[in-house]
Amino acid sequence: MRDTAEHLRLVVDLCVPLLLAIPDERAASRPGPGKWSPKEVVGHLIDSACNNQQKFVRLLLGAGHVDFVGYAQDGWVRCQHYQDADWRALVELWRAYNGHLAHVIAHADPARLPHTISIDGKGPFRLDFVMADYVEHMKHHLTALLPDAGLASAFENVYGA
């Protein structure tokens, strides 16, 4: 899992300067009705980190299988008012949270990686898959958020994924 942790660190390190280069006005701009602004997308990625931390830790604590609740992403984004938050603070929270998750992933007990989780009745999914999929989910959102940054090829060429 050290490779997954390093991959996560590299994705975050690449994207933090790109995110911070987005002007505040654009960070608060929604591309259309029912679409999230960059602030809300980063907020969603913070929520994803929070939800995934719960999954990782619960499985690492020793339960062979965990049933986990679904994630009402629109509600989480709305009730936390990411649209009204400070852009730089959101990016820094996202950076710090993922630094911690990379640490957790890097130190995951290999004997616990086969442990499984069902999420809102779907699954089971192995812990090692959930950890790797977390990074892929993040890359999907970052590629959409930063369409002119060439992230898809950067992720493929630099990180081998």
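Cys 15 is buried, its relative accessible area being 0%, where buried stands for under 20% relative accessible area, exposed for over 50% and partly exposed for what lies in between (1.4 Å probe, protein chains only). The structure is a predicted model, in which local features need pLDDT of at least 70 and side-chain atom pairs count only at pLDDT 80 or more, whereas totals for chains, interfaces and linings use all residues. Residues are numbered from 1 along each chain as its sequence is written, and side-chain values use heavy atoms, with hydrogens and water left out.

A search of the whole structure for disulfides, that is, pairs of cysteine sulfur atoms within 2.5 Å, finds zero. Cys 79 is accordingly in no disulfide, and the nearest cysteine sulfur, which belongs to Cys 50, is 11 Å away. In contrast to the buried Cys 15, Cys 79 is exposed, with a relative accessible area of 55%.

The aromatic side chains offer another view. Rings of Phe, Tyr and Trp (its six-membered ring) pair if their centres lie within 6.5 Å, and planes under 30 degrees apart count as stacked, over 60 as edge-to-face and the rest as tilted; the search of the whole structure finds three such pairs. Among them is the edge-to-face pair of Tyr 71 and Trp 76, with 5.4 Å centre to centre and 80° between the planes. Tyr 71 is partly exposed at 25% relative accessible area, and Trp 76 is likewise partly exposed, at 30%. Phe 125 and Phe 129 form a stacked pair, 5.9 Å centre to centre with 20° between the planes; Phe 125 counts as partly exposed at 29% relative accessibility, and Phe 129 is partly exposed at 42%.
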